[in-house]
Amino acid sequence: MTQELPPRIHLASLPTPLEHAERLSKHWGGPQIWIKRDDLTGFGLSGNKVRKLEFHFAAAAASGADTVITCGAVQSNHSRATALAAARLGYRCILLLRKPDCVEVPELQGNYLLDRLAGATIRFMPPNDWELRDELMSAEAATQRAAGHAAWVIPEGASDALGMWGFVVAMRELADQAVRITGAPATLWHAASSGGTTAGIGWAADRLGLDIPIAACSIGDSAAEIKAKVSAIWQQAAIETATETPTVPIEYIDRHIGGGYGIVSDEDLDIQAEATSLTGQVFDPTYTGKALVGLRREIAAGTYGKKDNIIFWHTGGGFAAFSHDFSRIAAADGPHA
Ligand SMILES: Cc1ncc(COP(=O)(O)O)c(C=O)c1O
């Protein structure tokens with residue numbers, strides 16, 4: 001790939017390892033599962049978002065900003081990573097957080113606790129305002145300007161034609177590591193929501209000519225919605241780079257969204273706990289845990305067999321595990337497997 005990268009600052013500990021999850025593969029009885037450990041991009045900066053933020057904070061610096069503004073759910077991994085990166089680099093940080101329905105004051109736990117520890121300014125928005133998030137962030141930037149500050153707005157999930165480059169870098173890293181996987185080309189299974197991760201993966205696979213089937217497992221939106229977000233990012237990136245949009249096929253999967261964003265069944269939680277007991281890795285119920293449950297169900301349905309390889313991209317999110325009710329697990333002595 002000859003494409004030059006936009007300016008970037010280094011925040012993540014890279015490369016993250018690619019590990020063979022032997023016990024999990026054996027217990028689930030299907031393909032060999034490899035886990036790309038983006039939960040290890042840092043401690044507070046763990047997860048996929050920091051890869052995208054490396055490009056956004058470089059752009060913020062170039063623009064002369066002293067403040068960053070972004071948005072997300074109360075337990076947003078992206079907002080937490082932004083707040084901590086801002087604290088590390090010396091920016092003021094304003095988060096527009098979507099409060100769950102009927103919640104007056106969110107409990108101080110998980111990512112939201114870390115936002116507060118990082119000193120972010122937090123403005124809550126009711127769920128109905130979520131559609132207006134871009135306008136609300138622009139309005140906040142205008143307010144900051146009027147007060148003598150310069151603000152850089154980072155969209156939801158840092159998922160745009162700039163943040164996408166974080167996953168182009170990630171794919172270069174993975175392509176080097178994946179040579180040790182023998183046999184069938186590994187399907188790249190990952191949680192998809194705001195689309196930036198999938199867009200970067202697809203863009204790089206296309207430009208590098210990688211023979212990697214890509215499975216984007218939605219954790220809340222319909223397949224069509226995720227596809228539309230990815231296409232919009234690609235179109236913008238194609239304009240900015242004066243190149244064609246990728247033609248690489250991506251399988252958009254919405255069979256495993258269950259009750260929707262952040263809603264997890266008891267059975268899902270059991271599968272996630274089982275996965276932790278077989279890997280020593282922590283998954284979050286909203287993103288990685290749900291994507292892992294989806295993979296488990298596909299294996300049970302025979303979509304992937306013993307000759308197949310899967311790379312499960314562990315995109316982080318561990319802190320959000322502390323904001324879910326796992327009490328049913330407490331009733332059962334481990335090990336779960
Ligand atoms: C832990 C985790 N995994 C996956 C995703 C989905 O990535 P994207 O928003 O780029 O589709 C997110 C988004 O918030 C996340 O926090």
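Two residues are taken to be in contact if their C-beta atoms, placed from the backbone, lie within 7 Å. With that cut-off in hand, the tour can begin; keep in mind throughout that the model on screen is predicted.

Start with the two domains. Colour residues 18-46 and 160-330 as domain 1, and residues 49-158 as domain 2, following the domain assignment of the protein. The C-alpha centres of these two domains lie 24 Å apart, and between them 21 residues of domain 1 are in contact with 21 residues of domain 2. On the side of domain 1 that touches domain 2, the largest share comes from α6, which supplies 5 residues. Sorted by class, that side of domain 1 holds 9 nonpolar, 11 polar and 1 charged residues.

Next, select helix α6, residues 165-177. If you place a distance label between its end C-alpha atoms, expect 19 Å, which agrees with the 18 Å that 13 residues should span at 1.5 Å a residue. Now show the side chains of W165, G166, F167, V168, V169, A170, M171 and L174, which are buried. To see what surrounds the buried residues of α6, add β1 (18-20), β2 (32-37), α2 (49-63) and α7 (196-208), since these are the elements against which they pack.

From α6, step back to G163, which lies in the loop between β6 and α6. Is G163 buried or exposed? It has 29 C-beta neighbours inside 10 Å and therefore counts as buried, the threshold being 20 or more. Among the residues to display around G163 is H56, which is 107 residues away in sequence, although the C-alpha atoms of the two are 6.4 Å apart in space. Beyond its neighbours within four places in sequence, G163 is in contact with K52, F55, H56, A158 and G196.

Finally, select the open sheet of 4 strands, whose order is β5-β4-β3-β6 and whose pairing is parallel. At its edges stand β5 (121-125) and β6 (151-153), each with a single partner strand, so one side of each is left without a neighbour in the sheet. Looking along the sheet, you will find neighbouring strands turned by 25 degrees against each other on average, direction ignored. Within the sheet, zoom in on β3 (residues 67-73) and β4 (residues 92-98), which pair in the parallel sense over 7 bridges. As a last stop, pick V68, which stands opposite C93 in β4.

Definitions and conventions
Residues numbered from 1 in each chain as written. Predicted model: local features only at pLDDT ≥ 70, side-chain atom pairs only at ≥ 80, totals over all residues. Helix = DSSP H or I, 4+ residues; strand = E, 2+ residues; numbered from the N terminus. Expected span 1.5 Å × (residues − 1). Buried ≥ 20, exposed ≤ 12 C-beta atoms within 10 Å, placed from the backbone. Pairing = 2+ DSSP bridges. Axes fitted to C-alpha atoms, helices over the stretch in contact; angles between N-to-C directions. Domains from an automatic or database assignment. Nonpolar A, V, L, I, M, F, W, Y, C, P; charged D, E, K, R; others polar.
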